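I opened the notebook for a friendly look around this model. My plan is to go through a helix, then ring pairs, then a bit of surface.

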Amino acid sequence: MAAEQSLQAPVTPSGDTRIHNIGYRSYDGPRLGRSYARLSLYSQSLRGAYGLGRSVKSKVLPMLLFVVMCVPAAIMVAVAVATKANDLPLDYTRYAIVMQAVISLYVASQAPQSVSRDLRFKTVPLYFSRPIETADYVRAKYAALASALFVLTAAPLLVLYVGALLAKLDFTDQTKGFAQGLVSVALLSLLFAGIGLVIASVTPRRGFGIAAVIAVLTISYGAVSTLQAIAEVQNSGDGIAWIGLFSPITLIDGVQSAFLGAASAFPGGVGPTDAEGVVYLLFTLGLIAASYGLLVRRYKKVGL
């Protein structure tokens, strides 16, 4: 009854009632536009790839993997200096191939971190409510992870190079090898970043993304290496190079052995010919472009 009476009784405003215009004021400051938003997203994503600006727990794994990548290089330098060797124990172009397990683990841990949280908490449409567009988001995320990977893979090469100069090894040979190594890891960073982000963008669950990236990178390499070994035993040398097209790490190995003069990790130490090397390079660049295209398509759907 009390509720009915309250509904029937009209509410009469008191004489002191005031209506105030408290509308939002227009923004008079500078509008920095898409380029600034893209750069900010790139910077934030790059810092996040090493846990910077996040909790201590988030820093442990990326920093540990960074140390693991650099420690063997420091040991090689110490051995070269102590033994007064005429060359480093390992070529610059071979270092990333040998340390591929660490690189794969880093990609598996950081690619989902870069994109899965945005998908899980449905914050992607919020990015696109600003001047930033789908292509800007993808470019920033792709460039950030590729840059983080380049830092991870180029840092030990720098340790090797500085150590080689301190050991008074030939400057020209070391500089040439160092430059070739940088080209190799730059291509590796673009390829691995693209593959990792494509896989991680499929699921908002970070754990599933980590498992999927590890599975793709490790299983593909294991399968390709096994098939190449079988082909060598059966004296099918022509098939070894073509089998190498089906794993990211063997793709990089084939490109650098064909164009950078690197020693191949293929069975028998024989890498692709020049013609096969062109196919390897085109296939690698095609995978990078396809990864970018798939990411743009994926986030156009997510942003709707």
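**Entry 1: helix 9.** I asked which residues of helix 9 are buried, and I found G209, V213, L217, S220, V224, Q228 and A231. I should jot down here that the model is a predicted one. Next I looked up what covers these buried residues: the cover includes helix 5 (100–120), helix 8 (171–200), helix 10 (237–243) and helix 11 (248–259).

I then checked the length of helix 9, which runs over residues 206–233 and has 28 residues. From first C-alpha to last I get 41 Å, close to the 40 Å expected at 1.5 Å a residue. Looking past the end of the helix, I noted that N235 follows helix 9 and has a positive phi, near 60°.

**Entry 2: aromatic pairs.** How many aromatic pairs are there by the ring-centre rule of 6.5 Å? I count seven aromatic pairs. One of them is Y50 with F66, an edge-to-face pair with 6.3 Å centre to centre and 85° between the planes. I placed Y50 in the loop between helix 2 (33–48) and helix 3 (56–83), and F66 in helix 3. The two are 16 residues apart, and their pair links distant parts of the chain.

Is Y50 buried or exposed? Y50 counts as buried because its relative accessibility is 8%, under the 20% cut-off. F66, at a relative accessible area of 25%, is partly exposed.

My second look was at Y137 and Y299, a tilted pair with 4.9 Å centre to centre and 50° between the planes. Y137 sits in helix 7 (residues 134–166) and Y299 in helix 12 (residues 274–302), so this pair ties together parts that are 162 residues apart in sequence. Y137 has a relative accessible area of 0% and is therefore buried. I also wrote down Y299 as buried, at 1% relative accessibility.

Back at Y50 and F66, I saw that they form one aromatic cluster together with Y106.

**Entry 3: a nonpolar patch.** Which residues form the nonpolar patch on the surface? I listed L61, L64, V68, L105 and I214, with about 360 Å² of accessible area together. Helix 3 gives the largest share of this patch, with three residues. I picked out L61, which has its place in helix 3. L61 counts as partly exposed because its relative accessibility is 34%, and residues need over 30% to be part of a patch.

Terms used
Residues are numbered from 1 along each chain as its sequence is written. This is a predicted model: local features need pLDDT of at least 70, side-chain atom pairs count only at pLDDT 80 or more; totals for chains, interfaces and linings use all residues. Side-chain values use heavy atoms; hydrogens and water are left out. Rings of Phe, Tyr and Trp (its six-membered ring) pair if their centres lie within 6.5 Å; planes under 30 degrees apart count as stacked, over 60 as edge-to-face and the rest as tilted. Helices (H or I, at least four residues) and strands (E, at least two) are DSSP runs, numbered from the N terminus. Buried means under 20% relative accessible area, exposed over 50%, partly exposed in between (1.4 Å probe, protein chains only). Patches are made of residues with over 30% relative accessible area and no salt bridge: like charges are joined within 9 Å, nonpolar side chains (Val, Leu, Ile, Met, Phe, Trp, Tyr) within 5 Å. Accessible areas come from the Shrake-Rupley method with a 1.4 Å probe; for residues, only the protein chains shown count as cover. A salt bridge is a side-chain nitrogen of Lys or Arg within 4 Å of a carboxyl oxygen of Asp or Glu. The expected span of a helix is 1.5 Å times one less than its number of residues. Contact means heavy atoms within 4.5 Å.
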